[in-house]
Each structure stands twice: as C-alpha cells, then as structure tokens.
Amino acid sequence: ERIKELIVRLEKEHSLSETEYAELITGRDEESAALLARKAAEKQKVVFGDAVYTRGLIEISSICKNNCLYCGIRRDNPKAERYRLTPEEILSCADEGYELGFRTFVLQGGEDPAFTDAVLCGIVRALKQRHPDCAVTLSLGERSSESYQALYDAGADRYLLRHETADAGHYAKLHPKEMSFENRMRCLRDLKEIGYQVGCGFMVGSPFQTPETLAKDLKFIETFRPAMCGIGPFIPHRNTPFRNEPTGTLELTLFLLSVIRLILPEVLLPATTALGTIHPRGREMGIQAGANVVMPNLSPVGVRKKYELYDNKICTGEESAQCRGCLEARMRSVGYHLAVDRGDAPGWTKK
Ligand code: SAM
Ligand code: FES
C-alpha cells in the first residue's frame, strides 16, 4: 500500500524525497513493478506515441587513458584489442547509416588522446556538412570546458556522459584515484551550460551500489533534468578487477527505467545493448517499461568485438543493416516502430 502510494505520488508530482526513493526500491515487488511499468508506458505513449527513436552508434576507438575498474577497455587490460577508426571510416559508417534511416549518429569511444579537438571538430563538421538533417551526439568522456565548447561550435548537438553514481564515496570505489566525482559533475554542468542536450546515467547493479546510492542517482536525475539518461545493467568483464562481481538484474533495470520515465516524462531513455545482452528480449522489455530509444551498432563489423566493455556483448557479428532490421522487427513485436527522425529532446533548439 505504501509503495503504491509512492508510485501514485511520483506519477503526479514527478518527485519523491531521497528516503522515499530508497523506500520505493527496497519495497518493490512484482505487483508494484507492474503498476509502475504501466504508468511509465502510459506517459511514454502520451509524449512519444508509438515511435521509438534510433541512434546509430559508431564506436570510434577502443583506446583509453582511463582505468575505470568496471570497464573492459580500461588502460590496464593488456588483453584488450585496441583500434582507432580514421575520420574516413567514421564518415563512411555514417553514410551507410543515413541510407538505413538513421538521423542521429553517436560517436562513442575511450578517452583516446589522438582525438584532439582539431581532429574531432573536423569530423563533426564533415558529418554535419554531408548530412545537415542529422544530429551528432558525442560520448567521449571528460574534456575541458573549452573543448566541449569547440565541439559544440563545430556542430555537435548532444553529449552523453554517464555520471556513473551520484554518491562521491561510491564513485571512488568504481574509479582509480586519478579520477574524481567533482570533475565528472563539472563536465556535466559545463555541457548543459554550453547548450548541449546532455545525457547522464549509471549502471544498474554496479559493485557497492545500494538502495541509498540509487536514491541519490534518482534525486540527481530529478534535479539535474538531463535531456537523456542512459541506464543499463553492469556486466562483468573477465579482464577487469570486477570480474567476479554479479551482473545487474533485468528486474531492477526495468523498474528503474519506469521510475525515471515518471520523474522526467520527456526524457530520452534508451533500452541499452547491455540490457539486450542479459536477456534475449531485454530491449523490448525496456521499451515496455518506459524506454523510448534504441542504439544499434553502426561500427565496422571488423572492430565490433574489440569494443568490448563487458563479456558477451550482442550485435558484434551483424552488419549495420541486419541490426537495424532486427531492431525494427523487435520493436514491431511490442507495438512500436522505429522513427526516421533526429529525435531531439522535446522543445530543444540549438543556441
Ligand atoms: N569513455 C566515455 C565515457 O567514459 O563516458 C564513453 C565510453 S564508456 C565505455 C560508456 C559507458 O559504458 C560508461 O559510462 C559505463 O557506464 C558503461 N560501461 C563500462 N563498462 C561496463 C560494464 N562492465 N557493464 C556495463 N556497462 C559498462
Ligand atoms: Fe543488432 Fe539485433 S539489434 S542484431
């Protein structure tokens, strides 16, 4: 009853206290999760109808100077296969994606020092020149405010930088000392201030996560009001310090997708590849729980296995067209369709 009351209030007020968020997470059961998912799907229908937005993901580099404890491409994994796409390769992935109906390209990669502002600005400009009706999203980690500004001026529209956890102590357990929670938050603030549609987010079931740290994540999302929010299960990678940690659950990921949809009805919320990796119908279930975005892989097939953040990643053998077709069929199977649209955050215009 108490949980039901919290859900009804969340739906109406889009807000709970941190303690109440923790209570909601701790007290959830099958019945309350179903109620929450129903309300989240309702909201999603009102804002986005039957459309699911797609973004073509181009994994531009597996080289990373960072050493995040959870990540398969961390600097200290000598077994990781490293690659870097050339600007020409990146542009040709985007050309192929355009033909397939993608109108947003996400350039994601490790923090690879070779991607200087000059190199990246050149790529962003070329992309926008070839495909002026497309949005460019970057997901390249922490950079300076000047760098973010230069990339925005070159034409980038959105930036994804998961906050990973809103609890500073928890952050320190997931990252080496050289990284800081403060800088992560500085980056997110800068990006928003510059005018990007900003995405934050976190892994569900990351080591040391508790209902209390999750409650902080939800309060952070509520107050920061990101345009996008990327959440997916933590999946261990065999060559990282967290190799023996348990995988995040489908059930909690779906529950949190629904909570976030009720906090921010207009947020762009992907059903992630990680969710599709832990369950064959994970992405479909994510959409039914309130997600409204999918991000199929557009990277050249030859590098897909090398961008290995976690074990058993799906879609590494498929061609881009197969991936798009596969997702189209998956979305149709639950009553949605893929939109050929940039899929901007409602009400957003570039400065
Ligand atoms: N380097 C950029 C950054 O840090 O934002 C972009 C790439 S980074 C690999 C993208 C996201 O992958 C991270 O924000 C993290 O949440 C997620 N990730 C990394 N390792 C993971 C794992 N083992 N399981 C699930 N997600 C993981
Ligand atoms: Fe990539 Fe199904 S989405 S193969």
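**Figure 1. Contact between helices H2 and H10 in the predicted model.** Tyr-21, Leu-24 and Ile-25 are the residues that H2 brings to this contact, and they meet Leu-252, Phe-255, Leu-256, Val-259 and Ile-263 of H10. By class, the residues of the contact of H2 with H10 comprise eight nonpolar, no polar and no charged. H2 spans residues 18-27 and H10 spans residues 250-263; the two helices pack at an angle of about 145 degrees, and their axes are 11 Å apart. The crossing of H2 past H10 is right-handed.

**Figure 2. The six-stranded open sheet.** The strands follow the order S2-S3-S4-S5-S6-S7, and their pairing is parallel. Strand S2 (56-61) and strand S7 (228-233) each have a single partner strand and stand at the edges, so one side of each is left without a neighbour in the sheet. On average, and with direction ignored, neighbouring strands of this sheet are turned by 20 degrees against each other. Within the sheet, strand S5 (residues 158-160) and strand S6 (residues 197-204) run parallel and are joined by three bridges. Arg-158 stands opposite Gln-197 of S6.

**Figure 3. Helices H5 and H10 lying across strands of the six-stranded sheet.** Helix H5, formed by residues 117-130, lies across S2, strand S3 (104-109) and strand S4 (135-139). The direction of H5 is at about 155 degrees to S4. H10 lies across S6 and S7, and runs at about 165 degrees to S7. H10 is also the helix that packs with H2, and Leu-252 and Phe-255 are among the H10 residues in that contact.

**Figure 4. The three-stranded open sheet.** Here the strands are arranged in the order S8-S1-S9, with parallel pairing. The edges are occupied by strand S8 (293-294) and strand S9 (337-338); each has a single partner strand, so one side of each is left without a neighbour in the sheet. Strand S1 (residues 51-54) runs parallel to S8 and is joined to S8 by two bridges. Thr-54 is placed opposite Val-294 of S8.

**Figure 5. Surroundings of ligand 1.** Around ligand 1 there are 18 residues, of which Tyr-70, Gly-109, Arg-162, Glu-164 and Ile-235 come nearest. Backbone atoms of the protein approach nitrogen of the ligand as follows.

- Gly-109: a polar backbone atom is 3.0 Å from a nitrogen atom of ligand 1.
- Ile-235: the distance from a polar backbone atom to a nitrogen atom of ligand 1 is 2.7 Å.
- Leu-309: a backbone N or O atom lies 3.4 Å from a nitrogen atom of ligand 1.

Gly-109 belongs to strand S3 (104-109).

**Figure 6. Contacts of Tyr-98 in helix H4.** Tyr-98 is located in helix H4, which covers residues 87-100. With residues up to four places away in sequence not counted, Tyr-98 touches Arg-103, Phe-105, His-131, Asp-133 and Cys-134. Of these, Phe-105 lies in strand S3 (104-109). Tyr-98 and Arg-304 are separated by 206 residues in sequence, and the C-alpha to C-alpha distance between Tyr-98 and Arg-304 is 19 Å.

Terms used:
Residues are numbered from 1 along each chain as its sequence is written. Chains are lettered from A and ligands numbered from 1 in the order in which they are written. This is a predicted model: local features need pLDDT of at least 70, side-chain atom pairs count only at pLDDT 80 or more; totals for chains, interfaces and linings use all residues. Side-chain values use heavy atoms; hydrogens and water are left out. Axes are lines fitted to C-alpha atoms, for helices over the stretch in contact, and angles run from 0 to 180 degrees between N-to-C directions. Helices (H or I, at least four residues) and strands (E, at least two) are DSSP runs, numbered from the N terminus. A crossing is left-handed if the near helix is turned anticlockwise from the far one by less than a right angle, and right-handed if clockwise. Contact means heavy atoms within 4.5 Å. Ala, Val, Leu, Ile, Met, Phe, Trp, Tyr, Cys and Pro count as nonpolar, Asp, Glu, Lys and Arg as charged, and the others, Gly among them, as polar. Two strands pair if DSSP finds at least two bridges between them. A residue is near a molecule or strand if one of its heavy atoms lies within 4 Å of it. A polar contact is a pair of N or O atoms within 3.5 Å; within protein, one must be able to donate a hydrogen and the other to accept it, and residues adjacent in sequence count only if both atoms are side-chain atoms.
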